[in-house]
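Here is a short tour for anyone who likes to look at a fold with the cut-offs in hand. Please keep the viewer open and follow along as we go.

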Amino acid sequence: MSDQPFSKELLSKRLLDASVDGILAFDRDCRYIVWNRALERISGKKSAEVLGRNAFEVFPFLKDTGEDKCFYEALEGKTSVSENRPYTIPETGREGFFEGFYSPLYDEQNQVAGGIAIIRDITERKRAQAEAEEVHQRLTFHVENSPLAVIEWDSDFRVSRWSESAQRLFGWAPEEVIGKHVGDWHFVFDEDVDGVEQVTNRQRMGAEHLGVQHNRNYTKDGSVLYCEWYNSVLHNESGELISVLSLVLDVTARKRAEEERAELLVREREARQLAEEADRLKDDFLATLSHELRTPLTSVLGWATLLRKGEVDETNIVRAVETIERNARSQARLIDDLLDVSRIITGNLRLDLRPTNFVSIVDATIHALRPTAGAKHIEFKIEFDSESCLVKGDATRLRQVVWNLLMNAIKFTPHAGIVTVRLECGTNRKSEIRNPKSEIPTFVLLIVTDTGEGITESFLPFVFDRFRQAEGSISRKQGGLGLGLAVARHLVELHGGTIKAESGGLQQGSTFTVELPLASERRDPARQQERQREIERRKTVSVARRLEDIRVLLVEDDEDSRSLFSVMLSQQGADVTATPSAAEALAALELAARQQILPDVIVSDIGLAAQDGYELIAKVRALPAEQGGLTPALALTGYATRRDRERALSAGYQLHLAKPVEPPELVAAVASLTPRKQ
């Protein structure tokens, strides 16, 4: 066995086949004697197909392209190079380009025995070069036809490119500026020269690679343009400046318009910022609204479904009903808050002002919220300095103020916390709403203090803003829409009062103080005694069966609502005729007229099918008195805006109630329309 693993011949063949370039050799008759694997790949012909055969017989195109000269020069002892030679292999259809490096092949006597060539397939390189050239041509076309002037500066900030768009913009032809330094001709506006020099220095030092420069430039005819220069700076690996490419936009018209509208733009910018903030708050609010409506609805639908299927045991029936009622009331309050905010924004919130005992309002609200506080084991501490404190206000709206403040305190007070409610009536303290020198008490003070989470100093100025909440993410611990305190503030201010919030910070609790002016009648002791007697009288009057012997014509197309209202009224002694449409209501009224048992009150929905409540009351009022044309009517509807109320009253209804309605509220409204039977 030989010590060498390969013979010289085998090693030479292996080396030839390992080359990425094609390698061939030919004898003096131009017959191939070497044909490596790379050439097999390039030409598509195996070595067995070409070895021993004449090159020009195997590849006739060699003579067509002049490649045969390289063969003959090699046989003459010369070296030569062929470049960008096209080739076609008919058998395979392969086409491309190659370059060859030819040298003479010497024998052992140093005589030319043939030739050797290295063949390199440059098809892909040629294709890439062609694509690059096409891209370059397209880029050149776009540069020359761009609406932006294209200017290139060399490392000395001399012009090396001046596009046709630059000529169109500034007026100078390329031959007039190529090679000129930026300061060699009157190009930069005098007052902007220093600024341009600062930019070029930053570019030269490598401190600015991309930038936008605003300056004025002269044109060839001497006019001045406001320009935006978009600069791209190229440095080599050593950090030396190579060139700067500038795209120049003429903003003269825009700049002059901006100068003319400077003050307007400032206002628009501020308005835009406010709009963006409002838009963000709106998105947050809509997300919160969806959560706050769906959460109680989940409990209502869930328990209602279980009750309907009989899947609630007796021990949980009371709990289910209480949950449904509590969550339904929660949704109703949310809707009321939304409507109130709408009225506040449009300036349509109106008050029914009359002397009202504020103590009774606060006491009743505390009583109504005790179960809610009890669920968290929160203790109410009550400190009233008087049993009666008369203010001139809207009782419903004042109750809403107190409710919102107490609900806020309960919501943010932890388990087993304390909420203190202090009411001071007629105390001569310093106040913005009274005459400090007056000896007659002029205001009432309601102070609600909790031991809850407190308010940060940064959020305290925004605590009464609508849709603003200290927690703005979906992970917030507390619910609500962020409307309660905003509504409370507006209602207090409508009553001529003030409201403020105080807190020592997080985990320090908070205090809300409301000041309201006292009613002037507060100074008349006789009137005070009369009112007290009326209060006591009302406490002793039973409200049971307040609608005894009252005939009610109920018009409601929703079956569930119709059944509910019928039960509410019937339980109070009313004789209810329930109809699902305006047509059936008119038929029932006609029948009652013939039987001479006209209804005492008509209670009708507005959003009825076929004929709505407005059409119904118009037809009723067109009837003679003996046929029910003068029957008092109550509009009971989900359309609850001030405009809806005014439209209902002008259409012929005497009262307007918004859904949902509490049984006592509905009973009281019907009773108020039948004073002769009370």
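The structure holds 20 salt bridges, each being a side-chain nitrogen of Lys or Arg within 4 Å of a carboxyl oxygen of Asp or Glu. This is a predicted model, in which local features need pLDDT of at least 70 and side-chain atom pairs count only at pLDDT 80 or more, while totals for chains, interfaces and linings use all residues. Residues are numbered from 1 along each chain as its sequence is written, and side-chain values use heavy atoms, with hydrogens and water left out.

**Salt bridges**

Side chains of opposite charge can pair when their charged atoms come close. Three of the pairs are set out here.

| Pair | N to O distance | Separation along the chain |
|---|---|---|
| R120 and D21 | 2.8 Å | 99 residues |
| R85 and E67 | 2.7 Å | 18 residues |
| E258 and R254 | 3.6 Å | 4 residues |

Where do R120 and D21 sit? R120 belongs to strand β5 (residues 112-121), and D21 to the loop between α1 (8-18) and β1, so the pair links distant parts of the chain. Helices (H or I, at least four residues) and strands (E, at least two) are DSSP runs, numbered from the N terminus. D21 counts as buried because its relative accessibility is 15%, whereas R120, at 32%, counts as partly exposed. In these terms, buried means under 20% relative accessible area, exposed over 50%, and partly exposed in between, with a 1.4 Å probe and protein chains only. D21 and R120 also take part in a network of salt bridges with E99 and R125.

The bridge between R85 and E67 likewise links distant parts of the chain: R85 is in strand β3 (residues 80-89), and E67 is in the loop between α5 (61-64) and α6 (68-75). E67 has a relative accessible area of 0% and is therefore buried.

E258 and R254 tell another story, as both lie in helix α11 (residues 252-260), about one turn of the helix apart. An α-helix has 3.6 residues a turn, so residues three or four places apart point the same way. Both partners are partly exposed, E258 with 28% relative accessibility and R254 with 39%.

**Strands and a hairpin**

Strands β1 (residues 22-27) and β2 (residues 32-35) run antiparallel and are joined by 3 bridges; two strands pair if DSSP finds at least two bridges between them. L24 has W35 of β2 as its bridge partner. Together β1 and β2 form a hairpin with 4 residues between them, and C30 in the turn has a positive phi of about 60°.

Is β15 enclosed or open to the outside? Of its 8 residues, 7 are buried, so β15 is largely enclosed by the rest of the structure. β15 runs antiparallel to strand β14 (residues 418-425), with 7 bridges joining them, and V419 has D450 in β15 as its bridge partner. β15 also runs antiparallel to strand β17 (residues 510-517), with 8 bridges; here T449 stands opposite T511 in β17.

**From β15 to helix α16**

R466 is in the loop between β15 (443-450) and α16. With a relative accessible area of 39%, R466 is partly exposed. The C-alpha atoms of R466 and G484 are separated by 8.1 Å, with the two residues 18 apart along the chain. Which residues of helix α16 (residues 484-494) are buried? They are L485, A486, V487, A488, L491 and V492. Just after α16, G496 takes a positive phi of about 80°.

**Surface patches**

V212, Y230, L245 and L247 make a nonpolar surface patch of about 300 Å². Patches are made of residues with over 30% relative accessible area and no salt bridge; like charges are joined within 9 Å, and nonpolar side chains (Val, Leu, Ile, Met, Phe, Trp, Tyr) within 5 Å. L245 is found in strand β10 (residues 241-250) and, at 33% relative accessibility, counts as partly exposed.

On the surface, a patch of negative charge gathers D557, D558, E559 and D560. D557 lies in the loop between β18 (551-555) and α18 (559-570), and its 31% relative accessibility makes D557 partly exposed.

Technical notes. Accessible areas come from the Shrake-Rupley method with a 1.4 Å probe; for residues, only the protein chains shown count as cover. Lys and Arg count as positive and Asp and Glu as negative; His and the chain ends are not counted. The place of a charge is taken as NZ of Lys, CZ of Arg, CG of Asp or CD of Glu.
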